[in-house]
Amino acid sequence: LIIPDFTVFLNIAGSLGAGVIAFILPPLLYNVEFKETLKPCTKYCNWAIVAFGVVGCSISLANSIKEIIDGDTD
């Protein structure tokens, strides 16, 4: 099989789905919706949350891909 364990697939789906829904989309949509009245500090904090979400999703995805390649399913 391509994916040795179903939990690895769930890890990939969770890292992408939950990370995007929890950390990336809300600040982006907030910046778009309130761009006229948004203070610069709030805008930069939102971008920091987006960056944190992208980094977290990337690390989790890389870890899941490494588990698939190595076959390391603890």
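**Warm-up: the ring of Phe34**

Task: Is Phe34 buried or exposed, or does it fall in between?

Solution: Phe34 has a relative accessible area of 38%. Buried means under 20%, exposed over 50%, and partly exposed in between, using a 1.4 Å probe and protein chains only. Phe34 is therefore partly exposed.

Before going on, a word on the model: it is predicted, so local features need pLDDT of at least 70 and side-chain atom pairs count only at pLDDT 80 or more, while totals for chains, interfaces and linings use all residues. Residues are numbered from 1 along each chain as its sequence is written, and side-chain values use heavy atoms, with hydrogens and water left out.

**Exercise 1: aromatic pairs**

Task: Find how many aromatic pairs there are, and describe the one formed by Phe23 and Phe52.

Solution: Start with the rule. Rings of Phe, Tyr and Trp (its six-membered ring) pair if their centres lie within 6.5 Å; planes under 30 degrees apart count as stacked, over 60 as edge-to-face and the rest as tilted. The count comes to 3 aromatic pairs. One of them joins Phe23 and Phe52, at 5.4 Å centre to centre with 75° between the planes, an edge-to-face pair. Next, place the partners: Phe23 sits in helix α1 and Phe52 in helix α2 (residues 40-70), so the pair ties together parts 29 residues apart in sequence. Helices here are DSSP runs (H or I, at least four residues), numbered from the N terminus. Finally, check the accessibility: Phe23 is partly exposed at 35%, whereas Phe52 is exposed at 54%.

Now try Tyr30 and Phe34. Their ring centres are 4.7 Å apart and their planes at 50°, so this pair is tilted. Tyr30 is partly exposed, with 38% relative accessibility.

**Exercise 2: cysteines**

Task: Work out why the sulfur of Cys41 makes no bond with the sulfur of Cys45, then turn to Cys57.

Solution: A disulfide is a pair of cysteine sulfur atoms within 2.5 Å. For Cys41, the closest cysteine sulfur is that of Cys45, and 4.1 Å is too far for a bond. For Cys57, the closest is again in Cys45, but at 19 Å, too far as well. The whole structure has 0 disulfides. As for their surroundings, Cys41 is exposed at 55% relative accessible area, and Cys57 is buried at 10%.

**Exercise 3: Leu10**

Task: Locate Leu10 and give its exposure class.

Solution: Leu10 belongs to helix α1 (residues 6-33). With 45% relative accessibility, Leu10 is partly exposed.

Technical notes: Helices (H or I, at least four residues) and strands (E, at least two) are DSSP runs, numbered from the N terminus.
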